Amino acid sequence: MRLRRVIAIGAAATAVVIGTTAAVLPSSQVGRPQPLPAFTATALAARYATDSRMIAAAARTASRTGNTALAHALDGMRGHHFIDFNPRGPGLAAEVIGNLATAKRVAILVPGSDTSLTTFDSRGTSSPQGGALALAAEAHRLDPGNHLAVIAWLGYATPGTFSPAVLTSGDAGQGASALRPLVDALARHGYQVALICHSYGSVVCGLAAPHLPVTDIAVVGSPGMDAASAGALHTTARVWAGRGASDWIQAVPHIHLFGLGFGQDPMSPAFGARVFAAGTGGHSSYLKPGDISLRNLAYIALGDLMAVTP
């Protein structure tokens with residue numbers, strides 16, 4: 001009996017140490033984001049060209065050092081439109097799909113755990129680039145004349161799915177700090193901005209949300225937003241939540257104890273989000289072409305609220 005008590009106390013103490021330490025310190029460091037360019041055709045074209053050269057140089061370095069997976073991933077990114085890129089550590093990248101210079105609305109995809117430059121487009125629509133392409137294509141199908149640009153945003157060092165850091169908000173805090181300046185700059189330029197946040201990315205969006213100038217925050221496959229309710233996010237944005245019927249995230253306990261966990265389930269009526277249909281898919285299916293979740297997320301990105309399936 002005494003041994004059992006000692007073990008329980010030790011386990012609780014370990015949880016406190018891991019939770020509080022990871023909540024304060026992010027699991028890994030990344031380089032600084034680039035200063036944002038002016039959102040004009042000329043300035044954006046110059047940034048795209050500069051970042052394409054940086055990506056090519058990083059690909060050569062990765063190949064020379066034997067990192068073939070990263071080299072292959074970077075080769076696939078060359079020639080695309082990036083407004084941010086930094087190869088340090090797991091890397092930073094922000095790719096624009098569509099014409100940002102003429103857009104009126106911008107949707108930012110915020111990814112979850114195990115996302116890096118190596119996986120930026122290696123997992124189909126569950127990767128930032130593939131998901132952004134699918135969202136932009138669906139928005140064009142629904143509204144061919146739309147003025148939407150989509151940003152596949154990898155602006156923070158994401159935690160590993162099976163690491164202690166994924167249970168805490170340490171990396172999410174780093175991500176929120178990086179996301180706010182981008183959103184603020186877009187809003188100042190006059191864009192209407194929507195955040196689409198997957199899995200651990202919804203914790204990032206929850207921490208960034210207070211007083212952020214966005215019209216909508218949509219979370220899918222969320223473990224929680226580090227908030228007790230939509231009202232506790234202190235945002236004027238519409239808060240949406242969706243979860244596929246086969247998503248394993250539904251089994252995650254919604255707690256917030258000793259720095260571990262992210263609080264109330266956004267799908268719960270008590271949270272107060274606008275729940276939308278997300279189909280029968282699993283944790284990585286939300287942006288799969290033909291799925292109802294992709295259609296609803298595209299309507300949210302377009303600002304066509306009445307078309308969203310509850």
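The exercises below work through helix packing, salt bridges and buried residues in a predicted model.

Residues are numbered from 1 along each chain as its sequence is written, and side-chain values use heavy atoms, with hydrogens and water left out. Because the model is predicted, local features need pLDDT of at least 70 and side-chain atom pairs count only at pLDDT 80 or more, while totals for chains, interfaces and linings use all residues.

**Exercise 1. Describe how helix H4 packs with helix H7.**

Step 1. Locate the elements, which are DSSP runs numbered from the N terminus (helices H or I of at least four residues, strands E of at least two): H4 covers residues 128-142 and H7 covers residues 292-302.

Step 2. Take the geometry, with axes as lines fitted to C-alpha atoms, for helices over the stretch in contact, and angles running from 0 to 180 degrees between N-to-C directions. The angle is about 75° and the axes are 9 Å apart.

Step 3. Classify the angle (under 35 degrees roughly parallel, over 145 roughly antiparallel, 65 to 115 roughly perpendicular, the rest oblique); H4 and H7 are therefore roughly perpendicular to each other.

Step 4. List the contacts, meaning heavy atoms within 4.5 Å: Ala134, Leu135, Glu138, Ala139, Arg141 and Leu142 of H4 meet Leu294, Arg295, Leu297, Ala298, Tyr299, Ala301 and Leu302 of H7. These residues divide into 10 nonpolar, no polar and 3 charged, where Ala, Val, Leu, Ile, Met, Phe, Trp, Tyr, Cys and Pro count as nonpolar, Asp, Glu, Lys and Arg as charged, and the others, Gly among them, as polar.

**Exercise 2. Characterise the salt bridges of Arg141 with Glu138 and of Arg238 with Asp216.**

Step 1. Apply the rule (a side-chain nitrogen of Lys or Arg within 4 Å of a carboxyl oxygen of Asp or Glu), by which the count comes to 5 salt bridges.

Step 2. For Arg141 and Glu138 the N to O distance is 2.8 Å, and both residues lie in helix H4, 3 residues apart, about one turn of the helix. With buried meaning under 20% relative accessible area, exposed over 50% and partly exposed in between (1.4 Å probe, protein chains only), Arg141 counts as exposed at 53%, whereas Glu138 counts as buried at 9%.

Step 3. For Arg238 and Asp216 the N to O distance is 2.7 Å. Arg238 lies in strand E7 and Asp216 in strand E6, so the pair ties together parts that are 22 residues apart in sequence. Arg238 is partly exposed at 24%, Asp216 is buried at 0%, and both belong with Arg105 to a network of salt bridges.

**Exercise 3. Describe the surroundings of Val220, Leu233 and Asp291.**

Step 1. Val220 has its place in strand E6 (residues 216-220) and is buried, with a relative accessible area of 2%. Not counting residues up to four places away in sequence, Val220 touches Cys197, His198, Ser199, Gly242, Phe276, Tyr286 and Leu297.

Step 2. Leu233, in the loop between E6 and strand E7 (238-242), is buried at a relative accessible area of 1%. Outside four places in sequence, the contacts of Leu233 are Gly206, Ala209, Pro210, Met225, Ala227, Val239 and Phe271.

Step 3. Asp291 lies in the loop between strand E8 (274-275) and H7, and, leaving aside neighbours within four places in sequence, is in contact with Ala278, Gly279 and Ser285. Asp291 is buried yet has no salt bridge, and the nearest side chain of opposite charge, Lys288, is 6.2 Å away; here Lys and Arg count as positive and Asp and Glu as negative, while His and the chain ends are not counted.
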